[in-house]
Amino acid sequence: MTLPLTRRRFIQRKIEESVFKVLMAASMFIVIGCLLLIVGTMIWKGLPALNLAMVTQTPKGGYYLGREGGILNAIMGSLYLASGATLLSLIFSLPVVLFINLYTRKNSRLAELTRFSFDVLWGIPSIVYGAFGFIIMMFLGLRASLLAGIVTVALVEFPIMSRAMDEVIRMVPRPLLDASYSLGATKLETALKVVIRQCLPGILTAVLIAFGRGIGDAASVLFTAGFTDRLPTSLFQPAATLPLAIFFQLGTPFPEVQQRAYASAAVLTAMILLISLLARGLVKKSTKHIIK
Amino acid sequence: MEIKSHISIQSLSVFFGQQRVLKDITIDIPDKKITVIIGPSGCGKTTLLKSLNRLLDPLDGVKVSGKIFVDGEDIYDPKIEVTHIRKKMGLLSQRPQALPMSIYDNVAYGPRIHGHKDKKRLDKIVAHHLQLAGLWDEVKDRLGEPASRLSVGQQQRLCLARGLAVEPEIILGDEPTSALDPQSSQNVERRLAELKKDYTVIVVTHILRQAKRIADYIAFLYLGELVEHGPAQTIFSNPTDPRTRAYLTGEIS
Amino acid sequence: MRLFKDTLARKTMFVLAFIPGLIVLLMLFGLFLKARPILADKPFFSLLFSSAWAPSRGEFGLFPFIMGTLWVTFVALIMAVPVSLLAAIYLSEYAPRFIREFTKPVIDLLAGLPSVIYGVWGVLLIVPFVSQLLAPLFGAQSSGYSILAGGLVLAIMIFPTIISVCLEVFFSIPYEMRETSLSLGATKWETVRHVVLKKGRQGIIAAVVLGLSRAFGETMAVLMVVGNIPRVPKSVFDGGYPLPALIANNYGEMMSVPLYDSALMLAAGVLLLVILFFNILARFVLIRVERSAE
């Protein structure tokens with residue numbers, strides 16, 4: 001019983017493969033092309049309108065009508081807010097991730113549940129966090145303020161940071177932990193002295209990724225941080241954020257102001273690119289203490 | 001023993017990156033006999049096997065030099081179509097890897113890919129080859145079940161049936177019984193012995209006793225080099241190279 | 001003393017570990033608590049299915065917004081799924097290492113770009129593209145601020161989600177399976193079709209569901225290009241008004257009109273429930289896929 005390897009069938013298979021190869025190439029082109037297009041457009045449109053005044057001044061009177069000023073309020077506001085949020089998130093993230101990796105049994109239900117919760121929280125859109133943050137604000141009697149923004153964005157950042165950290169900390173080789181325990185170290189000491197040192201680049205990357213999200217996210221601060229033309233001076237005053245500044249400037253009917261929106265967008269894009277590069281650089285760089 | 005060669009390997013060298021894993025191998029594999037490649041683990045046996053059906057191609061950083069002639073064609077000739085070569089060779093892996101489909105579809109996979117669409121024809125092919133592999137009686141009533149439900153021994157025989165269904169000329173076995181219990185191992189060995197009537201069989205094993213049971217021809221591979229090869233009788237009773245002797249007596253493993 | 005610190009740390013962390021789960025529950029609780037007033041006033045289903053949206057008159061029909069969300073998500077998925085899937089297949093099965101390494105940062109960047117940036121870009125490029133190129137092509141009139149624009153921008157935003165989950169799924173499929181198919185004489189593409197896609201089918205669906213749920217909740221970018229017209233869209237060239245955009249646009253006024261804030265909280269609650277549902281479903285599937293690979 002011989003199988004006929006017909007010429008026709010063979011050509012058929014080849015054609016099918018070629019068609020899909022073309023489609024795959026097109027898809028890759030689309031994906032990479034979109035990124036280049038987006039970043040390119042931001043730079044191309046934003047750079048011309050960008051000048052020193054933009055980044056060093058706060059909006060003066062009539063800024064949104066076309067007169068002078070800059071977006072320093074938003075830049076500083078975002079930096080403060082993202083820093084605060086990232087710190088707050090770190091305070092909860094690190095212990096929880098260390099706990100599920102070091103203090104639970106293998107395949108523990110609690111660890112599974114927690115990881116699952118991280119994944120679920122990660123998928124919740126920031127508008128919902130914003131609405132929730134708003135409810136908390138009302139509940140605590142806070143007005144729209146830097147503090148409210150920090151708490152809300154911390155909630156957004158929490159799953160992002162935790163997941164990223166968990167990925168790294170899980171990877172710590174068991175023999176390394178055993179070596180520490182067998183020297184008589186407690187779990188806490190092992191966690192603080194060995195694990196953190198071993199995973200430092202990964203932890204920093206997780207922090208950076210979360211920070212990047214904190215700077216760029218608009219929907220969560222919309223309700224909670226308010227907006228102001230002044231630099232952030234107190235936790236209980238509203239604070240400007242870069243994404244909202246972009247949004248508001250774009251919304252005016254004045255072309256000069258819209259130009260500034262593009263410039264602000266370019267600034268934000270540049271910040272995100274920088275953070276991304278840093279995060280990547282950290283991943284590649286092995287500090288001298290790491291054990292493979 | 002009159003040896004007609006089916007596969008002729010000439011100066012085959014394989015590099016994984018900078019490391020030379022197979023060093024200048026030259027050997028003629030006799031037709032319709034069981035050739036067993038023996039040697040300590042990690043010395044290139046599996047690589048040699050995989051170079052025969054060009055499974056080294058998709059791997060990153062692998063370079064192959066030399067020629068391998070099967071029925072007179074150099075299988076590494078760029079003009080040759082790779083799927084054509086692979087169809088000639090049936091591979092039985094160490095750990096049986098069932099495809100994610102039913103028992104029937106596993107065996108029918110190869111024939112379907114190569115053009116068979118007629119249901120009755122396929123039914124016959126599936127039944128015939130499951131019988132050849134000695135699995136038919138156990139599965140004939142549940143051909144539609146997922147292949148993953150079979151035991152390891154049954155899966156290995158399924159892989160045999162599947163490999164035979166594409167009508168290869170050569171059967172390659174990479175430690176085909178090392179994952180099986182003694183009963184299933186015996187089963188597979190028996191099948192291979194029957195199959196050599198129609199197919200050229202090349203088996204890689206690190207179990208010397210298995211080699212002694214089934215081999216007609218032996219090739220001893222050590223650290224990537226083809227140290228010695230010849231008819232099984234000769235090699236086992238009178239090895240010429242000291243390394244061969246050391247391996248056969250268990251000094252090196 | 002050391003032991004004490006250790007025990008203290010352990011107990012604290014144990015408590016903290018419940019926080020993620022707690023947050024989810026709190027959110028649901030809080031949102032629906034705030035939504036109670038309006039639920040007391042009107043039956044739930046009339047809110048969901050009524051198209052009457054006039055907050056000052058006390059009418060809060062959410063139907064146009066639900067439809068807006070569905071339309072825009074659907075358009076986004078139609079475009080994103082084939083492209084993402086093909087790209088993931090290419091990256092996993094065909095691409096040489098350097099292309100794979102090069103594309104990783106690209107995907108990370110796409111994922112990390114803030115929503116507003118996508119929005120600005122959408123306004124700059126996509127809106128005119130729709131109004132000047134696509135609409136005339138199909139014989140339609142459009143300002144460009146449309147479901148199509150929203151869908152296009154969303155599609156690009158969910159590329160990274162679908163691609164990265166698909167890549168994880170493909171990675172979990174043992175190489176030997178592919179080898180087996182190849183050794184039977186199948187071409188690479190046939191191997192992809194019959195082995196990779198088949199074994200990965202559930203995971204791919206999970207990836208799509210995760211992409212869908214991301215598209216559902218995306219706010220800023222869509223808001224900026226979708227037109228924000230509170231009517232059920234009749235075509236992709238019409239403007240629409242997805243739920244997240246509704247919540248975002250009106251929070252300013254919601255305190256001044258009775259029941260408005262309650263309605264918006266209800267909208268947020270509904271959004272949360274739907275997204276939770278999809279997310280949990282997809283995650284369960286992915287866990288099963290991971291387990292079967294071990």
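Start with chain C of this predicted model: select it by secondary structure, and 13 helices and two strands appear. Along the principal axes, the C-alpha atoms of chain C fill a box of roughly 75 × 70 × 30 Å. Colour chain C by burial next: of its 294 residues, 54% are buried. If contacts are drawn within chain C between residues at least 6 apart in sequence, 75% of them join residues at least 24 apart.

**Chain A**

Switch to chain A, which has 11 helices and zero strands. Its pattern along the sequence is therefore an unbroken run of α elements, α-α-α-α-α-α-α-α-α-α-α. The radius of gyration of chain A is 25 Å, well over the 19 Å that the globule rule gives for 292 residues, so chain A is more spread out than a compact globule. The C-alpha trace of chain A spans about 85 × 70 × 40 Å along its principal axes. Buried residues account for 48% of the 292 residues in chain A. Among contacts in chain A between residues at least 6 apart in sequence, 74% join residues at least 24 apart.

**Where chain A meets chain C**

Show chains A and C together and select the residues in contact: 66 residues of chain A touch 67 residues of chain C. On the chain A side, the elements that give two or more residues are α1 (7-49), α3 (72-103), α4 (109-122), α5 (126-140), α8 (187-216), α9 (219-222), α10 (242-251) and α11 (255-284). Pick α1(A) from these: the largest share of this side, 17 residues, comes from α1(A). Colouring the side of chain A that touches chain C by class gives 46 nonpolar, 11 polar and nine charged residues.

**Where chain B meets chain C**

Now hide chain A and bring in chain B. Here 19 residues of chain B are in contact with 17 residues of chain C. On the chain B side, α2 (82-88), α3 (103-113) and α6 (152-164) each supply at least two residues. By class, the side of chain B that touches chain C holds eight nonpolar, seven polar and four charged residues.

**Helix α4 of chain B**

Stay in chain B and select residues 119-132, helix α4. At 1.5 Å a residue, the 14 residues of this helix should span 20 Å, and its end C-alpha atoms are 20 Å apart, which agrees. Show side chains for the buried residues of α4(B), which are Ile125(B), Val126(B), His129(B) and Leu130(B). These four cover an arc of only 120 degrees around the axis, which puts them on the same side of α4(B). Display the surroundings of the buried residues of α4(B), and the elements they pack against are α3, α5 (136-139) and α6 of chain B. Then rotate the view: the face of α4(B) turned away from its buried side carries the exposed residues Lys120(B) and Lys124(B). After α4(B) comes Gly134(B), whose phi is positive, near 75 degrees.

**Strands β1, β2 and β4 of chain B**

Move to strand β1 (residues 5-16) of chain B. Strand β2 (residues 19-30) pairs with β1(B) in the antiparallel sense over eight bridges. One bridge to pick out is that of Ser5(B), whose partner in β2(B) is Pro30(B). β1(B) and β2(B) form a hairpin with two residues between them. In the turn, Gly17(B) has a positive phi of about 70 degrees.

β1(B) also pairs with strand β4 (residues 62-70) of chain B, in the antiparallel sense and over eight bridges. To locate this pairing, select Ser13(B), which stands opposite Ser65(B) in β4(B).

**Asp60 of chain B**

Select Asp60(B), placed in the loop between α1 (45-52) and β4 of chain B. Is Asp60(B) buried or exposed? With 8 C-beta neighbours inside 10 Å, Asp60(B) counts as exposed. Draw a distance from Asp60(B) to Phe16(B): these residues are 44 apart along the chain, and their C-alpha atoms are separated by 8.5 Å.

**The β9-β10 hairpin of chain B**

The last stop is strand β9 (residues 217-222) and strand β10 (residues 225-231) of chain B, which pair in the antiparallel sense over six bridges. Tyr222(B) has Glu225(B) in β10(B) as its bridge partner. β9(B) and β10(B) form a hairpin with two residues between them, and Leu223(B) in the turn has a positive phi of about 50 degrees.

Methods. Residues are numbered from 1 along each chain as its sequence is written. Chains are lettered from A and ligands numbered from 1 in the order in which they are written. This is a predicted model: local features need pLDDT of at least 70, side-chain atom pairs count only at pLDDT 80 or more; totals for chains, interfaces and linings use all residues. Two residues are in contact if their C-beta atoms, placed from the backbone, lie within 7 Å. Ala, Val, Leu, Ile, Met, Phe, Trp, Tyr, Cys and Pro count as nonpolar, Asp, Glu, Lys and Arg as charged, and the others, Gly among them, as polar. The expected span of a helix is 1.5 Å times one less than its number of residues. A residue is buried if 20 or more other C-beta atoms lie within 10 Å of its own, exposed if 12 or fewer, and partly exposed in between; C-beta atoms are placed from the backbone. The arc is that of the directions from the helix axis to the C-beta atoms. Two strands pair if DSSP finds at least two bridges between them. The radius of gyration is taken over C-alpha atoms; the globule rule is 2.2 Å times the number of residues to the power 0.38.
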